[in-house]
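Please look at the model below with its empty spaces in mind, both those open to the outside and those closed off. The report that follows takes the pocket and then the cavity.

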Amino acid sequence: MSTRIAFLKGHGTENDFVIVPDPENAVDLPPSAVAALCDRRAGIGGDGLLHVVRSAAHPEAKDMAAEAEWFMDYRNGDGSIAEMCGNGVRVFARYLQRAGHVTEGDLAIATRGGVKRVHLAQDGDVTVGMGKALLPEGDVTVSVGERSWPARNVNMGNPHAVAFVEDLAHAGDLHSAPPFRPASAYPDGVNVEFVVDRGHRHVALRVHERGAGETRSCGTGACAVAVAAARRDGADPAVTGTPATYTVDVPGGTLVITERPDGEIEMTGPAVIVAEGTLDADWLETLAR
């Protein structure tokens, strides 16, 4: 009988993930296998994959093991490696809670974007300390068809281009990555957010995620949007001395983003585990060849 490998499926504001628990980093997950697992017709389906590994067992996370027991080895839906995923961190934390590795309260999770502080609340929401945004200098423009917009370059451990538009429909179908210039701004590609205002400190977005296409939500993207909106609105917390909180509607729900005067950003939203099962190891091994 074929060996079975455990998996789960979860989502944060409908940004969905295949979860592969692998504490000792024993499961081979090359890009081809990840892409097949995330395929919505031939696999399980997901915007990305959360490989759950003990930090001490992963070469990229060993240096963080003293701070965080668990490492989120995150992969995009096409199999490529990503630095961070805000919704993914919340779902990762929810899995650790479900598996009995952690309880309600505070914990630390290692990511390629550094160690993230997480709080699991009694009401079910998960708050993630997303670190500080970097705002690279230089003008950026994004385009869809014949329309073009200036975009704010925001780095949340991964790159974002935030464009404020009149209508979210102007983003088009977002099947392919929106062109941007200059090319030197994002040598490894970029996540592009199109944003409209909904009210006072309340915005809505659509996003093309690098390596995944349009997704129902992007946590780091929501943070980047809140940062860009605060600068646009004259509400930079480092200048005003007061936190700036924005409600960010994404197609899959709502996230609340707060930037503090010290630059630290917190994201709060839901995280749900919806299914669990087993994979056929022979099938996965075939994909890994």
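## Lining of the largest pocket

In this predicted model, the element that gives the most to the lining of the largest pocket is β9, which contributes four residues. Both β9 (147-155) and β10 (159-164) supply at least two residues of that lining.

The residues that line the largest pocket are L135, P136, E137, G138, D139 and V140, together with P150, A151, R152 and N153, and finally V162 and F164. By character, the lining of this pocket divides into seven nonpolar residues, two polar ones and three charged ones, and the volume of the largest pocket comes to about 180 Å³.

## The enclosed space

Turning to closed space, the structure holds one cavity of 30 Å³ or more, and the largest cavity contains about 80 Å³ of space. Its lining is made up of 14 residues, of which N76, M84, N158, N191 and E209 are the closest to the centre of the cavity.

Two elements, β4 (70-76) and α3 (219-232), are the ones that give two or more residues to the lining of the largest cavity. When the residues of this lining are sorted by character, five are nonpolar, seven are polar and two are charged.

## The two linings side by side

For a reader new to the model, the two linings may be set next to each other: that of the largest pocket has seven nonpolar, two polar and three charged residues, while that of the largest cavity has five nonpolar, seven polar and two charged residues.

Conventions
Residues are numbered from 1 along each chain as its sequence is written. This is a predicted model: local features need pLDDT of at least 70, side-chain atom pairs count only at pLDDT 80 or more; totals for chains, interfaces and linings use all residues. Side-chain values use heavy atoms; hydrogens and water are left out. On a 1 Å grid over the protein atoms alone, a cavity is a set of points where a 1.4 Å probe fits but cannot get out, and a pocket is an open set with protein on both sides within 12 Å along at least five of seven lines; lining residues have an atom within 4 Å of a point. Grid points are joined across faces, edges and corners, and a volume is the space filled by probe spheres set on the points. Ala, Val, Leu, Ile, Met, Phe, Trp, Tyr, Cys and Pro count as nonpolar, Asp, Glu, Lys and Arg as charged, and the others, Gly among them, as polar.
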